[in-house]
Number of protein chains: 2
Amino acid sequence: MSDEATYDLVVIGGGPAGYAGAIRAGQLGKKVACVEMERAGGTCLNWGCIPSKALLKSAELYRSIQHADDFGFTVGDVKVDFPKVVERSRGVANQMAKGIEFLFKKNKVEYIKGRAQVNVPGLVEVTEGEDKGKILSTKNILIATGCRARMLPDLKPDGKRIMTAREILDRRDLPKSCVVLGAGAIGMEFAYFLNAFGCEVTVLEMLPNVLPVEDEEVSKFVEKSFKKQGIKVMTGTKAENIKVTKTGVKLDTVKGDKTEAIEAESLLVAIGVTANLEGLLSKKVKLEMDRKYIKVDPHYRTSVKGIYAAGDIIGPPWLAHVATYEAVQAVNGMFGHGEPRPMERFPGCTYCQPQVASIGLTERDVKEKGIAHKVGKFPFTASGKAVAAMESDGFVKLIVSEPHGEILGAHITGHEATELIAEYALGMELEATWEEIHGTIHAHPTLSEALMEAAAATHGEAIHI
Amino acid sequence: MSDEATYDLVVIGGGPAGYAGAIRAGQLGKKVACVEMERAGGTCLNWGCIPSKALLKSAELYRSIQHADDFGFTVGDVKVDFPKVVERSRGVANQMAKGIEFLFKKNKVEYIKGRAQVNVPGLVEVTEGEDKGKILSTKNILIATGCRARMLPDLKPDGKRIMTAREILDRRDLPKSCVVLGAGAIGMEFAYFLNAFGCEVTVLEMLPNVLPVEDEEVSKFVEKSFKKQGIKVMTGTKAENIKVTKTGVKLDTVKGDKTEAIEAESLLVAIGVTANLEGLLSKKVKLEMDRKYIKVDPHYRTSVKGIYAAGDIIGPPWLAHVATYEAVQAVNGMFGHGEPRPMERFPGCTYCQPQVASIGLTERDVKEKGIAHKVGKFPFTASGKAVAAMESDGFVKLIVSEPHGEILGAHITGHEATELIAEYALGMELEATWEEIHGTIHAHPTLSEALMEAAAATHGEAIHI
């Protein structure tokens, strides 16, 4: 091996951070390799965001079909071919993963299937896969190995009785009953999905509200809607004594001093993630850590020169879009393409129905911080488009600063909330005031008008409420 | 009658301009009356935007159900109760109109059902309805009588053979075949709707492209999609010799020197609008006109002091959201609540499938004007969310200035295009550059990411193409 580095960049991990960083380096004309032990696209594309959205779309359509008579149709017997629902989702993941592999080729990213270890700065060793033993000499390393679902001690996913998102995404039969442990985005999405197809679902959440990071008003709204849909929701409740039986799981739900034993065919564990660090660094490489995550500076540089990290592996919020952003910034920075920008704000989305999307501070946050503010709300029941589409559940809530009127936080629950949040995200990026949002002509009739009306409502100027 | 004006404002017309202006005046604590000859909400709410969206939603769901097997369902015989489809749409219109009536009460707007005439500045006479003969003395008058569908000379809508949007919205049976005259937004929406339920549709458009105001690339895309859906589209084609027969209509389509006779059960005339001016002004009131529309200054003042006008009656673009904006600005201005803003830019939407939404200049516009620019495009086939939802037809096209990178025009066709455009509209309002849109973290997976990628694509930085 010569002293000259073979690569400008070796990326470890091919998920939303890794593939995006690798492609960006390719765009900049750099010689880049991306080592991924499973499939290009990572968890998000293969075992997360993308296939779950395919399942959710099927669930939404299934529920719409059940209400077809409201729209003027009668449908004969509706039968669900559940394996086909799951197959479609796997097909979508496969198609998108192929897309990433195509983009690798297009951008001249060398795609190495395997595991990798940082031997020393500048040297990456392939430790598993066809290229096992290969040493990659590189000027820069980007660690983007991400996270995986956290499991409870003593439990092991078997795909039937104990599952994480990964197992359920590949399961071809619908459990009759399922306890969902954790009411974060993943737990809530699968709870909606399973319930929509007829599984008896119980959601357990330790914290006082479902979707605990969301504005409390939104959480309460979604909880109410879930209950109306037939989902049992138990908040402020712990699961104890989880036992795997021959046919399912048993556990105790503990709320205060009240304990109740429940049983179900399956338990979906959706209690967060854990960093993929195993085998990543040789003993010669010590990176400074922040709790269990790799610590980086605002340029995504680790404590060791030439080694960068981005995405879930540098810690929360564990979101694909944040990971992609960070990796692109890191790569721009390492190759002198502008000053990398730290991640300052990001939207968060949950794709159950009603959907939830938000950015910035909650009402509780601003109150706790003592920030002068005004709140504007607009319900979708007052939106002509929402009523016409029979999708009028939900509302938009906007929190703006006083006296300047800039967006502090925005919270949307309802139809297409996850698309609508983009406007407020851009608004925050540009430091838009409520008056600028109110003063922007929004097409009629659209749900997006509700964002304009919520801005107007912060100062009593909404027309339709 | 005393010299003192009874009202601060009398609004003539209760559509998107009129009701919004009246409500806004009520918010400002003014004594206001709104005279509307039909139903609060005007054409938009009763005979336009809102009921058509209900019909389109039914059409979309019907088509989804026909493709249910792609999603993993079998649905047996699907039967359409067409009268019920229309009834739902009428119900939605009725519900929203009641909403406006409620808002009138809430904001202390006096709602007078009738026609009105401006006698002299400061005096409005009710000329039809229960209050016929009543004279309203007022400091300000806002004319917001809007427009109605334009009809061809010698033709009269009978609701069966000859229709405008108004008649078709109230028609309880589906014609077997229909010629749609005019491929603007209204024509295209009904063409999609009728075709979706099995009517044999021919669209005739005199200009070279459907949706002639849209970017040509978008128009071509939609035309292709319509043809794939089984709609016959004839552009650059005139209709001549239209004859109403006992059972339908006959006409000649003329393209260049080629003439073809066609027949259909119905003809939908969607060739634009004409101003509602009849009986509006007494002989003592002469307002300066701009062609057939009332001329106003940037404060929405007509040539006569104390008389304002807003909405369709002041001319194109004849869009509900523009009308509302103008009326609110006019009212703010007349009561000293800030400087009224002229309407500078507005999104335009068409709700057929694929949807179309745009704002600003087309590519042809910028070329003709010789503006230095760059174009970025992103296809929904590269969007994980679109693929997961099986809604990957369409693209986002963004045109930005050089060298500053501000948005000159944005064009979207595809799923939820009409919602997505709001982000670009806000971007234009705030003079956002492509870099600011690209630098805004967009939630993954969403269709809105395509707007970020199109911005990135203007400078070769899109990750997913």
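The following paragraphs describe the fold of chain A in a predicted model and the way in which chain A meets chain B.

The secondary structure of chain A amounts to 14 helices and 26 strands. The radius of gyration of this chain is 24 Å, close to the 23 Å that the globule rule gives for 465 residues, so chain A is as compact as a globular protein of that length. Taken along the principal axes, the box filled by its C-alpha atoms is roughly 70 × 60 × 50 Å. Of the 465 residues, 57% count as buried, and among the contacts in chain A with a separation of 6 or more, 64% are made by residues 24 or more positions apart.

Two helices of chain A may be described in turn. Helix 5, which runs over residues 82-106, has 25 residues and reaches 36 Å from its first C-alpha to its last, close to the 36 Å expected at 1.5 Å a residue. Its buried residues include A:Val85, A:Val86, A:Val92, A:Met96, A:Ile100, A:Leu103 and A:Phe104, and A:Arg88 and A:Ser89 are also among the buried residues of this helix. Just after helix 5, A:Lys108 adopts a positive phi of about 55°. In the other chain, B:Lys105 has its place in helix 5 (residues 82-106) of chain B, and this residue counts as exposed because it has 11 C-beta neighbours inside 10 Å, where 12 or fewer is the limit for that class. Although B:Lys105 and B:Gly394 belong to one chain, they are 289 residues apart along it, and their C-alpha atoms are separated by 44 Å.

Helix 8 of chain A covers residues 216-228, and its 13 residues should span 18 Å at 1.5 Å a residue, which agrees with the 18 Å between its end C-alpha atoms. The residues of helix 8 that are buried are A:Val218, A:Ser219, A:Phe221, A:Val222, A:Glu223 and A:Phe226. These buried residues pack against helix 7 (185-196) and against three strands of chain A, namely strand 13 (232-234), strand 23 (356-360) and strand 26 (407-414). Helix 8 is followed by A:Gly230, whose phi is positive, near 100°.

Strands 14, 15 and 16 of chain A are linked by pairing. Strand 14 (residues 238-244) pairs with strand 15 (residues 249-255) in the antiparallel sense over five bridges, and A:Lys238 has A:Val254 of strand 15 as its bridge partner. The connection from strand 14 to strand 15 is a hairpin through four residues. Strand 15 also pairs with strand 16 (residues 258-264), again in the antiparallel sense, over seven bridges, and here the bridge partner of A:Thr253 is A:Glu260 in strand 16. Between strand 15 and strand 16 the hairpin has two residues, and A:Gly256 in the turn has a positive phi of about 60°. In general, the side chains of a regular strand alternate between the two faces of the sheet.

A further strand residue of chain A is A:Tyr293, which is found in strand 20 (residues 293-294). With 17 C-beta neighbours inside 10 Å, A:Tyr293 counts as partly exposed, because that number falls short of the 20 or more required of a buried residue and lies above the 12 or fewer of an exposed one. Apart from neighbours within four places in sequence, A:Tyr293 is in contact with A:Ala275, A:Ile313, A:Ile314 and A:Gly315. A:Tyr293 and A:Gly13 are 280 residues apart in sequence, while the distance between them in space is 15 Å, C-alpha to C-alpha.

The two chains can next be considered together. Chain A can be laid on chain B with an RMSD of 0.0 Å by a turn of 180° and a shift of 0.0 Å along the axis, which is the relation of a two-fold axis. Of the residues of chain A, A:Gly76 comes closest to this rotation axis, at 1.7 Å for its C-alpha. At the interface, 83 residues of chain A are in contact with 83 residues of chain B, and the side of chain A that touches chain B comprises 46 nonpolar, 21 polar and 16 charged residues. The copies meet through the same surface, because 100% of the interface residues of chain A are also interface residues in chain B. Strand pairing also crosses between the chains, as strand 4 (residues 79-80) of chain A and strand 3 (residues 73-74) of chain B pair in the antiparallel sense over two bridges. In this pairing, A:Lys79 stands opposite B:Thr74.

Methods
Residues are numbered from 1 along each chain as its sequence is written. Chains are lettered from A and ligands numbered from 1 in the order in which they are written. This is a predicted model: local features need pLDDT of at least 70, side-chain atom pairs count only at pLDDT 80 or more; totals for chains, interfaces and linings use all residues. Two residues are in contact if their C-beta atoms, placed from the backbone, lie within 7 Å. Ala, Val, Leu, Ile, Met, Phe, Trp, Tyr, Cys and Pro count as nonpolar, Asp, Glu, Lys and Arg as charged, and the others, Gly among them, as polar. Two strands pair if DSSP finds at least two bridges between them. The expected span of a helix is 1.5 Å times one less than its number of residues. Copies are superposed by least squares on the C-alpha atoms of residues with pLDDT of at least 70 in both. The radius of gyration is taken over C-alpha atoms; the globule rule is 2.2 Å times the number of residues to the power 0.38.
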